[in-house]
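Here are a few short exercises to work through with the structure open beside you. Try each task before reading its solution.

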Amino acid sequence: MEDGTLSDRCVDTGLSLSLGRSVMAEPDYLEGDCEELIKPKKLLNPVKSSRNHQDLHRELMMNQKRGLAPQNKPELQKVLEKRKREQVLKAQREEQEAHTKRSDLEIELMKRQQKLEQLELDQQKDEEEQENTPEFVKMKSNLRRTKQEVNGEELTT
């Protein structure tokens, strides 16, 4: 067995699973025995390598260093509440944008409606003023109008 072959040197013949041992398989080589073999590396955990997890972990560590004890709520509940709050705020923003963003037709209709309302208000004010004015002022304005109409007819003929 001392030929120097790799398979002879790296195999431990004394390892076998017994009833008292764990179910996990043990490596079939010894720690410092074989330098030629590629040693297995621990797999990366995608959860721990995610940016959100790192940020959350960093925040928890900073709070722990500062002495700020986390609230009685578990992290999951905090995250869910934060997401729900963000969704509500997002829905409110979308509603506000929907109200503020109007089509050209809606804008034009609103302008026309405002103009009509303004004209109605002006007419009402004129009527109120005419009702409050004395009778002789009304007659004088009527005379002026008839005089202008007569003058306008004389100019056209």
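The exercises below concern a predicted model, and each one is followed by a worked solution.

**Exercise 1. The overall fold**

Task: Work out how many helices and strands the protein chain has, and in what order its elements run.

Solution: Start by counting the elements: there are six helices and zero strands. Next, read from the N terminus on, which gives the order α-α-α-α-α-α.

**Exercise 2. Surface and contacts**

Task: Find what share of the residues of the protein chain count as buried, then look at its accessible surface and its contacts.

Solution: Begin with burial: of the 157 residues, 1% count as buried. Then take the accessible surface, which comes to about 15,700 Å². Carbon and sulfur atoms account for 54% of that surface. Finally, among contacts with a separation of 6 or more, 19% are between residues 24 or more positions apart.

**Exercise 3. A salt bridge**

Task: Locate the partner of arginine 58 in a salt bridge, and classify both residues as buried, partly exposed or exposed.

Solution: First, the partner is aspartate 55, with the closest N and O atoms 2.9 Å apart. That distance fits the cut-off of within 4 Å. The count of salt bridges comes to one. Second, place the pair: both residues lie in helix 3 (residues 51-66), three residues apart, about one turn of the helix. Third, check exposure. Arginine 58 counts as partly exposed because its relative accessibility is 40%, and aspartate 55 is partly exposed at 32%.

**Exercise 4. A charged patch**

Task: Identify the residues that form a negative surface patch, and describe where glutamate 131 sits.

Solution: The patch is formed by Asp122, Asp126, Glu127, Glu128, Glu129 and Glu131. Now take glutamate 131, which is in helix 5 (residues 104-132). With a relative accessible area of 64%, glutamate 131 is exposed, as the cut-off for exposed is over 50%.

Technical notes:
Residues are numbered from 1 along each chain as its sequence is written. This is a predicted model: local features need pLDDT of at least 70, side-chain atom pairs count only at pLDDT 80 or more; totals for chains, interfaces and linings use all residues. Side-chain values use heavy atoms; hydrogens and water are left out. A salt bridge is a side-chain nitrogen of Lys or Arg within 4 Å of a carboxyl oxygen of Asp or Glu. Helices (H or I, at least four residues) and strands (E, at least two) are DSSP runs, numbered from the N terminus. Buried means under 20% relative accessible area, exposed over 50%, partly exposed in between (1.4 Å probe, protein chains only). Patches are made of residues with over 30% relative accessible area and no salt bridge: like charges are joined within 9 Å, nonpolar side chains (Val, Leu, Ile, Met, Phe, Trp, Tyr) within 5 Å. Accessible areas come from the Shrake-Rupley method with a 1.4 Å probe; for residues, only the protein chains shown count as cover. Lys and Arg count as positive and Asp and Glu as negative; His and the chain ends are not counted. The place of a charge is taken as NZ of Lys, CZ of Arg, CG of Asp or CD of Glu. Contact means heavy atoms within 4.5 Å.
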